[in-house]
Amino acid sequence: MDAHERITRNTAEVVTEEEIETLADDPDGKRAYVGYEPSGVLHIGHMLTANKLIDLQEAGFEVTVLLADVHAYLNDKGSFAEIRSTAERMRDQFIAYGLDESNTQFVLGSDFQLDEDYTLDLHALELETTLARAERAMSEIKSGDSVKVSQAVYPLMQALDIPYLGVDLAVGGMEQRKVHMLARDVLPSIDREPPTSLHTPLIADLGTGRGKMSSSTGVTISMEDSREAIETKVNDAYCPPTADPDPTEEGVERENPVLQVFEYHVFPRFETVVVERPDEYGGDLEYEAYETLEADLESGELHPEDAKGALAAYLDRLIAPGREQLAE
Ligand code: IYR
């Protein structure tokens with residue numbers, strides 16, 4: 001797999017294609033980052049962007065993980081002390097999950113976001129941005145029902161993090177895209193380059209296949225889940241026997257989250273995926289590419305129950321090191 005393919009696989013969008021091509025032409029020593037609000041436990045939503053960081057490391061990038069403590073505070077995720085201790089735990093879990101420690105820089109937001117220069121630049125961006133625009137940028141990030149002033153400052157700080165961290169590429173889920181578009185528009189006003197960004201897809205809720213998987217509603221898999229908990233959640237997951245569930249059901253679009261987790265979490269991390277089956281049901285199946293597994297589920301060659309059994313086993317392998325870390 002060449003660098004461009006590794007960098008762009010499993011992405012929903014890159015901004016822009018040309019800029020990514022330039023980075024992929026000479027990725028050695030280039031720097032990419034993702035920011036995470038430290039709150040709750042690491043779950044597979046975080047791991048989706050972590051997988052992309054692993055891809056970028058393999059392509060030659062250096063990686064920065066921003067533990068965005070000030071952002072979590074501004075987004076009403078708890079007291080500063082609570083957020084700080086969650087950030088420490090998150091760092092250890094990312095390493096346990098498979099980020100290359102020797103090539104991952106962990107930075108706390110508060111280490112640079114309270115500096116005088118940063119603050120003055122932030123005020124300059126505040127002058128350039130309407131409240132309506134800031135609010136739109138936060139539509140899929142903000143917690144709570146009403147918009148606080150803190151949540152209007154938040155996306156401008158996220159924009160400013162990019163030049164202050166000196167990174168070449170900002171990575172995030174699709175819910176971050178409006179912040180990155182805002183960053184492209186406002187950073188030039190303070191003589192900074194419009195940033196290049198890459199967005200990972202949103203995965204549907206495991207239980208229903210609707211909406212997006214998140215830790216606050218519906219069913220997701222967390223780094224704290226026991227093997228049994230993973231098995232139960234995966235067993236109860238929505239997994240229609242064809243890869244293309246009826247999108248018109250109840251007028252709501254549904255995805256197959258079991259397939260999505262195979263595509264975005266399992267195949268990127270394992271060379272081959274084995275679905276164990278008793279001999280009387282045809283014996284084990286071995287897959288080297290996601291598309292073959294999808295086709296087998298579609299054709300009926302692979303039964304959803306067998307797919308789920310394999311999915312739970314592979315998720316457990318991904319999660320076990322972090323779970324053990326957490327238990328210490
Ligand atoms: N908005 C992110 C957290 C975050 C991301 C980046 I990239 C930053 O520079 C700062 C914060 C979230 O929703 O978790």
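1. Start with the ligand. In this predicted model, 13 residues surround the ligand, and the closest of them are Gly35, Glu37, Ala68, His71 and Asp161. Three elements give two or more residues to that shell: strand 2 (31-36), helix 8 (149-165) and strand 5 (169-173). Strand 2 gives the most, with 3 residues. Sorted by class, the shell has 6 nonpolar, 5 polar and 2 charged residues.

2. There's a database record to put beside this. The UniProt annotation "binding site", from an unreviewed entry, covers Tyr33, Tyr154, Gln158, Asp161 and Gln176. Asp161 also turns up among the residues closest to the ligand in the model. Two of the annotated residues, Tyr33 and Asp161, get a point each below.

3. Tyr33 belongs to strand 2, the element that gives the most to the ligand shell. Is Tyr33 buried or exposed? Tyr33 has 24 C-beta neighbours inside 10 Å, so it counts as buried, the cut-off for that being 20 or more. Setting aside neighbours within four places in sequence, Tyr33 is in contact with Val63, Thr64, Val65 and Leu66, and also with Leu165, Val167, Ala170 and Val171. Of these partners, Leu165 falls in helix 8 (149-165), while Ala170 and Val171 fall in strand 5 (169-173).

4. Asp161 lies in helix 8. It counts as buried because it has 25 C-beta neighbours inside 10 Å. Leaving out residues up to four places away in sequence, Asp161 touches Gly35 and Leu66. Gly35 is itself one of the residues closest to the ligand, and Leu66 is on the contact list of Tyr33 as well.

5. Now step back to the whole chain. You'll find 13 helices and 8 strands in it. Its radius of gyration is 20 Å, close to the 20 Å that the globule rule gives for 328 residues, so the chain is as compact as a globular protein of that length. Taken along the principal axes, the C-alpha atoms fill a box of roughly 70 × 45 × 45 Å.

6. How much of the chain is buried? Buried residues make up 40% of the 328 residues. As for how the contacts span the sequence, take those between residues at least 6 apart: 73% of them join residues at least 24 apart.

7. The chain is divided into domain 1 (3-200) and domain 2 (227-327), and their C-alpha centres lie 30 Å apart. The contact between them takes 10 residues from domain 1 and 8 residues from domain 2. On the domain 1 side, helix 3 (44-59) and helix 5 (80-97) each supply at least two residues. That side has 6 nonpolar, 3 polar and 1 charged residues. Everything in points 3 and 4 about Tyr33 and Asp161 belongs to domain 1 (3-200).

8. Ala72 is another residue to look up, in helix 4 (residues 69-74). It is buried, because 25 other C-beta atoms lie within 10 Å. Which residues does Ala72 contact, apart from neighbours within four places in sequence? They are Glu37, Pro38, Ser39, Lys77 and Ile83. Glu37 is among the residues closest to the ligand, and Ile83 falls within helix 5 (80-97). Ala72 and Thr16, by contrast, are 56 residues apart in sequence and 28 Å apart in space, C-alpha to C-alpha.

9. Thr16 brings us to some backbone details. Most residues other than glycine have a negative phi, and most peptide bonds are trans. Here, a cis peptide bond joins Val15 and Thr16, with omega at about -5 degrees. Thr16 lies in the loop between strand 1 (13-15) and helix 2 (17-25). I'd take a look at that spot on screen.

10. Two residues are listed for their phi. Asn10 has a phi near 55 degrees, a positive value in a residue other than glycine, and sits in the loop between helix 1 (3-8) and strand 1. With 17 C-beta neighbours inside 10 Å, Asn10 counts as partly exposed. Asp191 has a positive phi too, near 60 degrees, and lies in the loop between helix 9 (177-186) and strand 6 (196-200). Why does Asp191 count as exposed? Because it has 9 C-beta neighbours inside 10 Å, and 12 or fewer is the cut-off for exposed.

Notes:
Residues numbered from 1 in each chain as written. Predicted model: local features only at pLDDT ≥ 70, side-chain atom pairs only at ≥ 80, totals over all residues. Near = placed C-beta within 6 Å. Nonpolar A, V, L, I, M, F, W, Y, C, P; charged D, E, K, R; others polar. UniProt positions renumbered as here; feature names shortened; annotations may be inferred. Contact = placed C-beta atoms within 7 Å. Rg over C-alpha atoms; globule rule 2.2 N^0.38 Å. Domains from an automatic or database assignment.
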